[in-house]
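Trainee: Please take me closely through one part of this model, and place that part in the whole before going into side chains.

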Amino acid sequence: MALTLYVDTARWRAHQQSVLQQFPGLVPVCKGNGYGFGHERLAEEATRLGADILAVGTTYEAARIKDFFSGDLLVLTPFRHGEEPVPLPDRAIRSVSSVEGVGGLVGARVVIEVMSSMKRHGVKPEDLPKLAAAIEDVRLEGFAMHLPLDRADGSDAVDEVIGWMDQLRNARLPLHTMFVSHLKADELARLQQQFPQTRFRARIGTRLWLGDHEATEYRGSVLDVTRVAKGERFGYRQQKAASDGYLVVVAGGTSHGVGLESPKALHGVMPRAKGVARAGLATVNRNLAPYVWAGKQRWFAEPPHMQVSILFVPADAPQPQVGEELVAHLRHTTTQFDRVVDR
């Protein structure tokens with residue numbers, strides 16, 4: 001009895017190919033929990049795609065994945081002086097976001113991140129004169145820009161990249177390769193047309209692995225079903241059942257990432273109103289679970305346990321049976337499955 005990730009493998013791989021066709025020379029990204037699939041699986045898929053380079057989040061991830069992928073490994077987290085040294089092969093490429101960082105990686109292969117409107121990290125325009133001298137001591141693989149997902153001010157992503165390309169060119173820095181994130185296919189094509197001597201390489205994770213929502217599905221096995229009457233106490237905290245129904249124990253708890261979610265950026269009146277409503281229900285211990293039964297998303301009977309969750313299904317709904325599976329709407333990047341089934 002498990003929390004299972006089902007993968008429609010043919011459909012999933014067809015989607016990967018469609019993304020590859022839109023973004024020739026793309027750099028697959030495999031970071032965190034491997035977008036819910038795991039590092040080993042995504043390394044295998046990247047190899048199948050013919051990728052010559054795989055982007056990972058940290059040096060620790062690079063150390064784990066190096067035995068599963070034979071190409072270059074681009075570490076996205078920038079190098080910092082004083083960081084713990086992690087043994088990596090020469091095919092590892094470090095990201096750098098400062099002139100000082102470049103100076104700390106003499107002889108290494110590096111990609112230099114420039115400061116975008118994300119304002120997260122990156123070399124600034126005023127650093128470029130010093131950078132020209134610093135790169136003589138490293139093996140420069142290219143520059144990189146990490147762009148925002150949304151542009152509330154109506155600005156154009158292509159214009160932002162062009163602005164930096166012009167500044168790098170004016171500083172007489174080599175522009176043979178530019179790694180970019182969060183550009184559309186037509187935006188990438190516009191840049192490639194304007195700068196034919198530069199190879200633009202899109203770093204893509206979410207769109208590549210999770211872009212087809214119908215290709216994957218989580219399901220949790222029903223482990224136990226207990227009938228309860230209104231007012232009957234149950235669970236760790238001995239709450240009272242609000243009505244007659246069933247307590248359904250289903251595979252998937254906090255160790256799997258069930259019940260965990262990251263803060264959301266809400267835009268517009270309706271999403272904010274729904275957020276307020278959810279918060280209000282939570283104060284009276286009403287929390288919607290990710291599990292679906294009989295066409296409806298069900299409520300947690302109490303907060304999820306470590307490896308299982310207990311749901312409340314009202315008496316007017318069909319009774320789940322032990323061994324059946326409930327579809328679970330879970331966030332891939334925070335979920336750890338027990339097993340994966342390709343079909």
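Mentor: Contact here means heavy atoms within 4.5 Å. On that basis, residues 24 or more positions apart account for 67% of the contacts in the protein with a separation of 6 or more. The model is predicted, and the statements below should be read accordingly.

First, the whole. The protein has nine helices and 18 strands. Of its 343 residues, 46% count as buried. The C-alpha trace spans about 75 × 45 × 40 Å along its principal axes, and the accessible surface comes to about 17,400 Å², with 52% of that area belonging to carbon and sulfur atoms.

The part to examine is a sheet and the helix lying across it. The sheet is open, has eight strands with parallel pairing, and follows the order E2-E9-E8-E7-E6-E5-E4-E3. Strands E2 (27-28) and E3 (53-56) stand at the edges; each has a single partner strand, so one side of each lacks a neighbour in the sheet. In the order, E7 comes between E8 and E6. Strand E6 (residues 109-113) runs parallel to E7 and is joined to E7 by five bridges. Within that pairing, Val 110 stands opposite Leu 140 in E7.

Helix H6 lies across E7, strand E8 (177-181) and strand E9 (199-204), and runs at about 150° to E7. One residue of helix H6 is Val 158. Is Val 158 buried or exposed? Val 158 has a relative accessible area of 2%, and because the limit for burial is under 20%, Val 158 counts as buried. Apart from neighbours within four places in sequence, Val 158 is in contact with Glu 187, Arg 190 and Leu 191. The C-alpha atoms of Val 158 and Lys 184 are 9.6 Å apart, with their positions 26 residues apart along the chain.

Helix H6 (residues 157-170) also holds both Asp 166 and Arg 169, three residues apart, about one turn of the helix. These two form a salt bridge in which the closest N and O atoms are 2.6 Å apart. Both ends are partly exposed: Asp 166 has a relative accessible area of 27%, and Arg 169 has one of 46%.

E7 takes part in a salt bridge as well. Arg 139 pairs with Asp 90, with 2.6 Å between the closest N and O atoms. This pair links distant parts of the chain, since Arg 139 belongs to strand E7 (residues 139-146) while Asp 90 sits in the loop between strand E4 (72-75) and strand E5 (92-96), 49 residues apart. Arg 139 is partly exposed at 37% relative accessibility, whereas Asp 90, at 51%, counts as exposed. The limit for exposed is over 50%.

In general, side chains of opposite charge can pair when their charged atoms come close. A search of the whole structure finds 21 salt bridges, and the two described above, Asp 166 with Arg 169 and Arg 139 with Asp 90, belong to the part you asked about.

Conventions
Residues are numbered from 1 along each chain as its sequence is written. This is a predicted model: local features need pLDDT of at least 70, side-chain atom pairs count only at pLDDT 80 or more; totals for chains, interfaces and linings use all residues. Side-chain values use heavy atoms; hydrogens and water are left out. A salt bridge is a side-chain nitrogen of Lys or Arg within 4 Å of a carboxyl oxygen of Asp or Glu. Helices (H or I, at least four residues) and strands (E, at least two) are DSSP runs, numbered from the N terminus. Buried means under 20% relative accessible area, exposed over 50%, partly exposed in between (1.4 Å probe, protein chains only). Two strands pair if DSSP finds at least two bridges between them. Axes are lines fitted to C-alpha atoms, for helices over the stretch in contact, and angles run from 0 to 180 degrees between N-to-C directions. Accessible areas come from the Shrake-Rupley method with a 1.4 Å probe; for residues, only the protein chains shown count as cover.
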